[in-house]
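Please open the structure in your viewer and keep the selection panel at hand. The tour below proceeds by selection, one stop after another.

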Amino acid sequence: MNDEFLTKFHKAPRAEFADALYERISREPQPRLPGTLANKLTFRNAAVAFVFLFLIAACVYAVSEKRWNKIGGIYVEVQRTLKVDYNPEEPQQYVESECLSIAEAGEILRFELHMPAWAPDGFMFDGRVCGGMDLERTSDFAGLYWKGADEYSGISISLQDLRRFNISTQEYENAPAVVGHPVAPGSYEEVQVNGKPAVLVRGDWAEPWGTGPLNQDYEFKWDKKRALQLYWVDGDVLYRLYTRADVSAEDVIRMAESAQ
Amino acid sequence: MVEEINWEAAYKEYLPRVYNFFRYRVSNEALAEDLTAATFEKAWRGRSRFRRDLSAFSTWLFTIARNVAADHFRRRGQDVPLEAVHEQPDPATLEETVQHNQDFAQLRAVLSQLPVRERELIALKYGAGLNNREIARLARLSESNVGTILNRTVEKVRVQMEVNHE
């Protein structure tokens, strides 16, 4: 089985539709102020409004402080809280990951699996490649896990093929479409993995326990001691190392550098 | 890093992806065009609020597309099973066109029976061409969950397609 039967129905939009839509929206002006309000925009009122807007913007920025930074092809999205877009009417699905051996996974992964040759003392690779593995389908994702002293103190590394399926050429192509990784202000730093820029993150988002069931206003707070994370890119593959174990940043970077 | 959107380039690249997202998400071509148009109209009006560089544009645009789909289903109810597909013949022969349309009609009928989340993941993966990481970000699921759900859903769809074909 493969999933070609799902991709073969792609179709380009009708040219008339595409052209008409582009013309329509590109001619649409930016929203304008109502006339009555516009009439009140004297220089004095505008100056006062400007000062107020500046103060409001400064306050909003100070509260949200949300911005994007790019480090070595990795995007981090800096924000103070992480809001979950959760619809209580929509059931969440959490299912167990399906796994293969390294050799089996090598058959279906769209990229070469570079395993770390070194891990800190006390951590043992569990021998599986997980993440929706199916021998009859190619995969753009692999999850690896090194067991630690207990189930909460291992080291996981996920690998994600950054290439994207181009529906015009029906091929996978190298694409810069990398989603950002939300982190808290001051939680990350640029480091080097094999001479290339990487991102070391100290902490992770934590559930606000005791605030009731999930809802649309559910917000995660940053816990700087919760985890240690390292993001790096090798070729077309984004690596993410994640651990809640007591491992130093030096060891995490050493483990990453051994994956070649 | 902040860059303005190159709107023309973005439109050229993302129009087919958004359009195919809706073709896999809803059950007729005209509606897919309408929702695609609504997505780009909202994106155009809200472009001044978009201050990220182009590489994150897909996340922003498909968030709008998902909201447009959700609004549509809130107003009109969930998608109904397939109606007849009327399209302009463009493949080589009329016979091929008819068969192609029938196959896609069958696929849409199967997709319309899926739970909302599964159909949306299929549309994001196979219609919009997003990878699992991008989908995970949009759907607020882990990447491995996305992979596993997609895996099972594809198998479910394939089996149902075979049953329908027999």
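## Salt bridges of chain B

Begin by selecting E118(B) and K156(B), whose side chains meet in a salt bridge at 2.8 Å, N to O; a salt bridge here is a side-chain nitrogen of Lys or Arg within 4 Å of a carboxyl oxygen of Asp or Glu. The two residues lie 38 residues apart and link distant parts of the chain, E118(B) in helix α5 and K156(B) in helix α7 of chain B. Helices (H or I, at least four residues) and strands (E, at least two) are DSSP runs, numbered from the N terminus.

The model is predicted: local features need pLDDT of at least 70, side-chain atom pairs count only at pLDDT 80 or more, and totals for chains, interfaces and linings use all residues. Residues are numbered from 1 along each chain as its sequence is written, chains are lettered from A and ligands numbered from 1 in the order in which they are written, and side-chain values use heavy atoms, with hydrogens and water left out.

Now colour the pair by accessibility, where buried means under 20% relative accessible area, exposed over 50%, and partly exposed in between (1.4 Å probe, protein chains only). E118(B) is buried at 9%, whereas K156(B) is partly exposed at 41%.

Next, select R66(B) and E120(B), which form a salt bridge of 3.0 Å, N to O. This pair also links distant parts of the chain: R66(B) is in helix α3 (residues 57-76) and E120(B) in helix α5 (residues 116-127) of chain B, 54 residues apart. R66(B) is buried at 15% relative accessibility, and E120(B) is buried at 9%.

Then move to E162(B) and R158(B), a salt bridge with its closest N and O atoms 2.5 Å apart. They are four residues apart in helix α7 of chain B, so about one helical turn separates them. Finally, display K11(A), R23(B), E29(B) and R108(B), which salt bridges with shared partners join into one network. Over all chains, the count comes to 17 salt bridges.

## Helix α2 of chain A

Select residues 15-27 of chain A, the 13 residues of helix α2; at 1.5 Å a residue (times one less than the number of residues) the helix should span 18 Å, and its end C-alpha atoms are 18 Å apart, which agrees. Which residues of α2(A) are buried? They are F17(A), A18(A), L21(A) and I25(A). Their arc around the axis, taken from the directions from the helix axis to the C-beta atoms, is only 95 degrees, so they sit on the same side of α2(A).

Add α1 (7-25) and α2 (29-45) of chain B to the view, which are among the elements covering these buried residues of α2(A), contact meaning heavy atoms within 4.5 Å. Turn to the face away from the buried side to find the exposed residues E16(A), D19(A) and R27(A).

## The disulfide

Select C99(A) and C130(A), which form a disulfide with sulfur atoms 2.1 Å apart, the criterion being a pair of cysteine sulfur atoms within 2.5 Å. C99(A) is in strand β4 (residues 99-100) and C130(A) in strand β6 (residues 129-130) of chain A, 31 residues apart. The link is right-handed, with 105 degrees about the S-S bond. C99(A) is partly exposed at 26%, but C130(A) is buried at 13%. A search of the whole structure finds one disulfide over all chains.

## Two loops

Close with N194(A), in the loop between β12 (188-193) and β13 (196-206) of chain A. Its phi is near 50 degrees, a positive value in a residue other than glycine.
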